[in-house]
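Here is a short set of exercises to work through with the model open beside you. Try each task before you read its solution.

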Amino acid sequence: MAQKKIKTIVWANNASKQYFDILEFLNKNAPQALQIVGNALLDTVESLPKHFNSFAADRFKKNNDGSFRAAVV
């Protein structure tokens, strides 16, 4: 199988909102974790273009052609 090349990560509106909701929750409840978790999430997203095939296909995405990947951070 040829390696898929991606150039840009596009955040869905709900994904972006969820990211900022996580940061807001951490800021209120665990401010010491805010930077660590926020950076870990962004680092994972930013690593997608180089390491796309390292992430498993998202098993919850219906009719996934392999373009949707999942990561646990």
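One convention will help in a later exercise: Ala, Val, Leu, Ile, Met, Phe, Trp, Tyr, Cys and Pro count as nonpolar, Asp, Glu, Lys and Arg as charged, and the others, Gly among them, as polar. Please also keep in mind that this is a predicted model.

**Exercise 1. The overall fold**

Task: Describe the protein chain's secondary structure, its extent and the confidence of the prediction.

Solution. Begin with the elements: the protein chain holds two helices and two strands, and along the sequence they follow the pattern α-α-β-β. Next, look at the extent of the C-alpha trace, which spans about 45 × 25 × 20 Å along its principal axes. Then turn to confidence. The average pLDDT of the protein chain is 88, and 93% of the residues score at least 70. Confidence is highest in H1, at a mean of 94, and lowest in E2, at 88. Finally, ask how the chain packs: of its 73 residues, 16% are buried. Among contacts with a separation of 6 or more, 33% join residues 24 or more positions apart.

**Exercise 2. Checking a helix**

Task: Decide whether the length of H2 agrees or disagrees with what its residue count predicts, and find which of its residues are buried.

Solution. Take the count first: H2 has 21 residues. The expected span is 1.5 Å times one less than that number, so at 1.5 Å a residue H2 should span 30 Å. Now compare this with the model, where the end C-alpha atoms of H2 are 30 Å apart, which agrees. For the second part, the buried residues of H2 are Gly38, Leu41, Thr44, Val45 and Leu48. To read that list, recall that an α-helix has 3.6 residues a turn, so residues three or four places apart point the same way. As a last step, look for the cover: H1 is included in what covers the buried residues of H2.

**Exercise 3. A residue of H1 facing its partner**

Task: Compare leucine 26 and glutamate 24: is each one buried or partly exposed?

Solution. Leucine 26 is found in helix H1, and so is glutamate 24. With a relative accessible area of 11%, leucine 26 falls under the 20% cut-off and therefore counts as buried. Glutamate 24, at 44%, lies between the 20% and 50% cut-offs, so it is partly exposed. What touches leucine 26? Beyond its neighbours within four places in sequence, leucine 26 is in contact with Pro31, Ala33, Leu34 and Val37. The C-alpha atoms of leucine 26 and valine 37 are 8.6 Å apart, with their positions 11 residues apart in sequence. For glutamate 24, try the C-alpha atom of lysine 7: the two are 17 residues apart along the chain and separated by 29 Å.

**Exercise 4. The largest pocket**

Task: Give the volume of the largest pocket and work out what kinds of residue line it.

Solution. The volume is about 900 Å³. The lining of the largest pocket has 25 residues, and Ile9, Ala15, Val45, Leu48 and Arg69 lie nearest the centre. H1, H2 and E2 are the elements that each give two or more residues to this lining. H1 supplies the largest share, five residues. Sorted by the convention above, the lining residues divide into 17 nonpolar, five polar and three charged.

**Exercise 5. Outside the helices**

Task: Place valine 10, asparagine 63 and alanine 70 in the chain, and classify each by accessibility.

Solution. Valine 10 sits in the segment before helix H1. Its relative accessible area is 73%, over the 50% cut-off, so valine 10 is exposed. In space, its C-alpha lies 10.0 Å from that of valine 45, 35 residues away in sequence.

Asparagine 63 belongs to the loop between strand E1 and E2, and at 80% relative accessibility it counts as exposed. Check its backbone too: asparagine 63 has a positive phi of about 55° although it is not a glycine. Most residues other than glycine have a negative phi.

Alanine 70 lies in strand E2 and, at 35%, is partly exposed. Leaving aside neighbours within four places in sequence, alanine 70 is in contact with Phe55, Ala56, Ala57 and Asp58.

Conventions: Residues numbered from 1 in each chain as written. Predicted model: local features only at pLDDT ≥ 70, side-chain atom pairs only at ≥ 80, totals over all residues. Heavy atoms only, no water. Helix = DSSP H or I, 4+ residues; strand = E, 2+ residues; numbered from the N terminus. Buried < 20%, exposed > 50% of the residue type's maximum accessible area, 1.4 Å probe, protein only. 1 Å grid on protein atoms, 1.4 Å probe; cavity = no way out; pocket = protein on both sides within 12 Å on 5 of 7 lines; lining within 4 Å. Points joined across faces, edges and corners; volume = space filled by probe spheres on them. Contact = heavy atoms within 4.5 Å. pLDDT = per-residue confidence, 0-100.
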